[in-house]
Amino acid sequence: MSNDDSAFSRALHEELNRRIHELAGPDATPPPMTRGDALLVLALFVLLPALAIWWFA
Amino acid sequence: MTATEPRSPELDARIREEALFGRLPLLRSEREYSTRGILATGFTYAVAAWCFLIGGYAAKVVGATQGVVALIAGCVLGVTISAAASALACNRYGIEQIDFCKSCFGQTGAKLILIFYILNQIGWTGMVLVMFGRGLGNVVHAFGGPSSEWVTRAAVLAGLVVAYWVVIRGVHVLNVFNSIVTPGLLIATGLLFYVIFRDAGWHGIAARAPLEPAGDARLSYVTALEYGLGAGFSWWPGIGFLTRNTDTQRNSFYPQVLTMGLGMGVVCTTGLLAGLLYRRYDPTEWMMQAGGPVLGVVALLLVAIANVSASAMMMYTAALALRHVRALRVLQWRWLCLLGFVPVLGYAIFPELYDRGSAFLAYNATMFAPISGVLLVDYVLLRRQRLNVSQLYEDDPAGHYRFVGGFNPAALGCMLLGQVLYIWLLDPVSLNAHGPVRFLTASAPSVLLPMAVYWLIARLWLVRTGMGGYRASERPIQLRRPNI
């Protein structure tokens, strides 16, 4: 491994560590989808296409 | 840990690249796509030349009405399941897709998923390059040149060289291609709809029989639906790459369903209707009929550019994914890319593989339907949408996502169960059908059964024994053997 590669590898590990800790902070990740979203997805993108498939079979 | 030393601008730039296109988690403040951005990018991906080909495969087995339903509903369902399984987690933690898979399949088990991922990218690259070659061959023929498979082979090789050049120059070059291709393909799609309806009208097309009608109409409909689902599931490898860069969970999900699902389904129907009208499934053949000698050649050239651009994009993501293999991580970028391109040479030697493309399309549903199902149960139901990010990068045997020697046998076994079940229900190569496939399709049982079995095994074994970090805190743990 060259000096450049070893410096990059060290910097990469430091950066990974920094990011992992930052992600654990408050408001660092987008809030998860709500139950309402789940129901909407189920109705609109799962049940509706399934109904159309069944109807035209 | 020692204090962080100041980094050179070159090193900073490399680290930034690694976050944007590599494996470092992308922070919320670094995300590039809001609603408008992800919609535009999604359309760029979705409106691709292979849509015409997928529609053509459907035209072989079903008529217009059933074909439109099968393609649109299939694409929407396939993308919805793929996105629910991967987009939400990749977006929430800004992580790369194979890294996310480690939480479910294990640190080493995820590398088995990597094989399916790479096969998908190589397969589609080969398919679109042969399509590019056939298109170019037809243009040569239109100008009085020879019509030979050797023209296709030469074009595939030339396409490979151009795609390789683009990949080693960096993904930014693709933006130039895409700024021409996407509006061009949208215009071509609009013109095609106009020409099709001008020439035949809806009733005229709806009355046309499929190109290769089978005796079993119900099975033909299911086959067309599996093509639509296969097209939707084909996005599984690309979804994480895109959605880790979106700002909210909603933007990681809904735009994908609208563009890669609904949008792609609508563009696929162009290929279906044109195939039924011009009685040929291959867009490189019917485009000349639809557009005449001038517009047909322009459309074919546009498709050619689109295909080279798509090939470069897929091989770029394939090369990035290869970095998960420790032995390959030391390779320079240009050698890593070259390694990805080698298997695609098979398509230059055997361009007739293109004629088995429908089998490859269904293969995508075979592979990714069960994977998506197992990932969905693991992340949403068992982990309640929470991961310990630090452990995704931990190769130490004590790491949360090591399971049994780096493999989660429950998840891998359930994935295999789904894949075998799919092949038994509907063999994607021979289209031999067994069991209740005519009523249940092949994809639905291959998603639902592994989901149910995995949920049960995980609750009874993994969660109870504390394996897999299902009840562990999200707080970071100091890495002992980072795998990056």
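This dialogue goes through the contact between two chains, the salt bridges and the nonpolar core of a predicted model.

Trainee: What should I know before I start reading?

Mentor: Residues are numbered from 1 along each chain as its sequence is written, and chains are lettered from A in the order in which they are written. Because this is a predicted model, local features need pLDDT of at least 70 and side-chain atom pairs count only at pLDDT 80 or more, while totals for chains, interfaces and linings use all residues; side-chain values use heavy atoms, with hydrogens and water left out.

Trainee: How many residues of chain A and chain B are in contact?

Mentor: Contact means heavy atoms within 4.5 Å, and here 36 residues of chain A are in contact with 45 residues of chain B. The buried area, which is the accessible area (1.4 Å probe) that two parts lose on being put together, summed over both, is about 3,900 Å² between these chains, with carbon and sulfur atoms giving 70%. In chain A, Arg19(A), Pro30(A) and Phe45(A) lose the most area to chain B, together 18% of what that side buries.

Trainee: Which salt bridges should I look at?

Mentor: Side chains of opposite charge can pair when their charged atoms come close. A salt bridge is counted when a side-chain nitrogen of Lys or Arg lies within 4 Å of a carboxyl oxygen of Asp or Glu, and the structure holds 18 of them over all chains. Across the interface of chain A and chain B there are 2, and Asp37(A) and Arg250(B) meet in a salt bridge at 3.1 Å, N to O.

Trainee: Where do Glu15(A) and Arg19(A) lie with respect to each other?

Mentor: They are 4 residues apart in helix H1 of chain A, and are therefore separated by about one helical turn; helices are DSSP runs (H or I, at least four residues), numbered from the N terminus. The closest N and O atoms of their salt bridge are 2.9 Å apart. Buried means under 20% relative accessible area, exposed over 50%, and partly exposed in between (1.4 Å probe, protein chains only), and Glu15(A) is buried at 4%, as is Arg19(A) at 3%.

Trainee: Which residues have the most contacts inside the largest nonpolar core?

Mentor: A nonpolar core is a set of buried Ala, Val, Leu, Ile, Met, Phe, Trp, Tyr and Cys residues joined through side-chain atoms within 4.5 Å. The largest has 191 residues, and those with the most contacts inside it are Trp50(B), Phe105(B), Phe253(B), Met264(B) and Tyr454(B). Helix H13 (residues 283-322) of chain B gives the largest share of this core, 23 residues.

Note on methods. Helices (H or I, at least four residues) and strands (E, at least two) are DSSP runs, numbered from the N terminus.
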